Structures are given as C-alpha cells and as structure tokens.
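This report introduces one protein model to a reader who has not seen it before. It begins with the chain as a whole and then turns to its aromatic rings.

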Amino acid sequence: GFLKDAKPETIARAERWKEAAVICGAETWNEIEEFGVEKFDWFSKHLNLDNGIPSHDTFNRFFSIMDPDKFESCFREWVSTIQRDKAGDVISIDGKSIRGSKRSNLHAVHMVSAWSKNAGITLGQVYTNKKIGELNVIPELLDVLFIEGSIVTLDAMGAQMNIASKIVEKGADYVLQVKNNRRQMVRDIEFAFRELTPDSVHETIDQAHGRIEKRTAAVLYHPKMLRKHEVWDNLQSIIVVKSEVTIAGKTEFSTTHYISSLNTNAEHIMSVIRSHWGIENNLHWMLDVAFNEDGSRKMNQNAVINFSLINKIALEMLKRESSVKIGVKSRRMKAGWGVGYLEKILGI
C-alpha cells in the first residue's frame with residue numbers, strides 16, 4: 001500500500017521517514033527499516049502507520065522509481081525559503097563522483113552541486129555518468145538557479161566560453177580557474193604579469209598546527225593581454241595566486257591562474273577564490289566523512305541520486321541546528337540517542 005499511489009503525501013511521508021533515519025546515522029535501506037522499528041511509537045505520533053513499518057525493499061523500490069528531477073525541483077523550492085542575502089553571494093559549482101556506485105560495466109554516478117557561501121547550503125544538483133559530462137550539465141544547473149547579483153566560481157573544467165556567457169546572461173559574475181586545459185591562456189596570463197605591474201595585490205598568511213601558508217593574489221585589469229579575449233563575455237580581469245606552504249621547515253610553492261568578470265581589488269577576489277574551497281570542505285568532505293557517501297553500494301541510479309540529495313538535506317538541517325557545539329557526525333549520534341534533539345533538528 002505504501003507505493004500504490006504517487007500522491008504528494010505519500011512521497012512526503014517517505015521522505016520525512018528517510019530524512020529522520022539518515023539524520024540519525026542510517027546509511028542503508030535495512031538501517032532505515034530498523035530505525036522505523038525502533039522508533040515506531042515516535043513515528044506513530046507524526047505519521048499514519050496503518051500499514052505498519054515499510055520494509056527495506058519497499059524503501060529501495062520507492063526511491064528507485066521516484067523521478068530524481070522532480071525530487072530535485074522540490075528541493076530547490078525548499079532551499080529558496082531559507083536562502084538569504086543572494087546579492088554578493090559566492091556560488092561554487094563542483095562535481096563529486098559517488099565511487100560506490102561504480103560497476104564493472106558502468107561509470108560511477110557523478111553529481112555536480114552548487115554551494116552557497118552565504119547560506120552554507122547546497123542550492124541544487126545535477127547528475128551525469130562521467131566526469132567529462134560536467135561540461136554538459138553545468139549549463140543545465142545554471143538554468144535552474146537564481147544567481148542574479150552573485151559570483152559563480154568554477155574550477156578548470158568549467159572554464160568554458162558558453163558557461164561564462166550563461167553566467168553573465170543571468171546577471172552574475174564569474175571567477176574561473178584556468179589550467180593546462182587552456183595552455184595558451186596560461187602562457188598569456190604569465191606573459192601579462194611579466195610585462196605589466198599588477199593593478200592590485202593582496203597577501204594573506206595563515207598559521208595553524210605547525211603549518212604556515214602564505215598566499216599572494218595579483219590582479220591585472222587588462223584582459224586584452226589574452227588572445228581571443230573578446231570571446232569571453234564581460235571579461236574584466238586576470239589573476240595569479242601564488243602559494244607558499246611551509247611544514248616542518250619544508251616549503252612547497254604553487255601558482256594558480258584565473259579569469260574573471262570582476263573588476264574589484266585583489267583582496268575581494270582572493271576572498272572569492274578561497275570561498276570556492278567551501279564546497280570541498282563543507283560539502284564533499286562532509287558527505288564522505290560524516291555520511292560515508294563513497295561507501296554506499298546502492299545499485300539503482302535513481303536510488304543513488306535520490307539518496308545523495310537526502311544526504312544533502314540532512315547535512316543542511318544538521319548544520320542549521322546550532323544549540324550544541326559539536327561536529328556533524330556527533331550531532332547525528334546525538335539525534336539517534338534522543339528524539340528531543342531529533343525533533344529540534346526537524347523543527348517539529
């Protein structure tokens with residue numbers, strides 16, 4: 001009876017059940033079923049359980065046949081109710097493969113997510129079966145996001161003219177990293193900084209746990225130093241960031257290159273570039289460490305994609321509950337130990 005219709009209340013019931021279970025540490029369909037058995041009395045206060053506890057096979061079938069695009073659309077509507085301060089927000093777009101979904105004859109499901117610095121949440125996700133597929137799905141993701149007034153950051157994979165044009169078309173700015181996939185552009189940037197004095201420079205030094213990291217960002221507002229600069233919509237600046245990382249007396253050097261539609265100073269652009277790392281540290285790393293996402297062995301592609309979104313929702317809810325100063329993994333454990341804290345996270 002749990003799957004016989006596709007009514008919104010049926011979908012909402014399955015999602016609420018799974019969300020509560022995942023928040024409390026469940027990572028498999030069997031664990032979600034066991035969570036329901038252990039918390040039957042609590043669930044009965046909030047949900048109609050006339051047909052008893054759904055089995056793990058029922059949950060598997062449900063999330064395997066649920067349309068990921070429709071689920072994603074519902075997710076974006078929810079995000080729009082909690083996203084604040086869109087103007088000036090840094091939206092970082094990056095991909096992550098769910099390694100456990102790889103099979104001998106299939107590529108791992110690759111999720112491309114948009115992360116908001118201001119809200120500290122995922123704004124949306126799209127999926128592909130190959131990392132190279134990011135080039136095709138990033139424009140799709142940009143199409144469904146409200147990014148006007150924001151700054152979009154992408155790594156070298158996203159340094160594409162059509163992507164830059166899409167960002168500008170939607171009223172946003174971009175900061176795009178360029179690497180050896182655009183060797184000529186890298187050479188042009190290096191030549192420009194040899195020939196011209198930077199228009200703006202900013203330096204930061206961070207020290208922690210015996211590690212000293214010095215970063216220097218230099219900006220030139222001379223995009224015409226790049227060949228074919230005119231094909232990049234609203235290109236305003238080129239940037240070089242040099243890093244020196246010293247650990248135990250040993251120093252390593254690295255240089256990264258960027259192009260941008262921003263004409264702001266080096267301090268601001270440096271802060272935007274550093275914000276891009278948030279999607280790795282606050283989303284991808286969390287999904288692997290606190291949610292063991294890469295360890296998932298789900299077989300069905302829809303189930304993999306839908307479960308990934310459930311994990312992101314759970315992560316957002318856990319991070320938004322700040323009454324206790326403990327890590328996300330510890331919050332999952334605390335929620336599982338007592339329904340009082342779980343209700344606080346769920347807002348019920």
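How much area does the chain expose, and what share of it do carbon and sulfur atoms supply?

## The chain as a whole

The model is predicted. Its chain exposes about 17000 Å², and carbon and sulfur atoms supply 50% of that area. Of the 348 residues in the chain, 49% are buried.

The secondary structure consists of 13 helices and nine strands. Among contacts with a separation of 6 or more, 61% are between residues 24 or more positions apart.

## Aromatic pairs

A pair of aromatic rings is described by the distance of the centres and the angle of the planes. There are five aromatic pairs in the structure. One of them joins Trp29 and Phe307 in an edge-to-face arrangement, with 5.3 Å centre to centre and 75 degrees between the planes. Trp29 belongs to helix H2 (residues 29-38) and Phe307 to helix H11 (residues 301-320), so this pair ties together parts that are 278 residues apart in sequence. Trp29 and Phe307 are both buried.

Phe62 and Phe63 also form an edge-to-face pair, at 5.1 Å centre to centre and with 75 degrees between the planes. Both of these residues, Phe62 and Phe63, are buried. Together, Trp29, Phe62, Phe63 and Phe307 make up one aromatic cluster.

## Charges over rings

Two further rings have a charged residue over them. Arg332 places its charged end over the ring of Phe291, 4.1 Å from the ring's centre. Over the face of Tyr341 lies Lys334, at 5.3 Å from the ring centre.

Methods: Residues numbered from 1 in each chain as written. Predicted model: local features only at pLDDT ≥ 70, side-chain atom pairs only at ≥ 80, totals over all residues. Heavy atoms only, no water. Phe/Tyr/Trp six-rings, centres within 6.5 Å; stacked < 30°, edge-to-face > 60°. Helix = DSSP H or I, 4+ residues; strand = E, 2+ residues; numbered from the N terminus. Buried < 20%, exposed > 50% of the residue type's maximum accessible area, 1.4 Å probe, protein only. Lys NZ or Arg CZ within 6 Å of the ring centre and 35° of its normal. Contact = heavy atoms within 4.5 Å. Areas by Shrake-Rupley, 256 points an atom, 1.4 Å probe, with all protein chains shown as cover.
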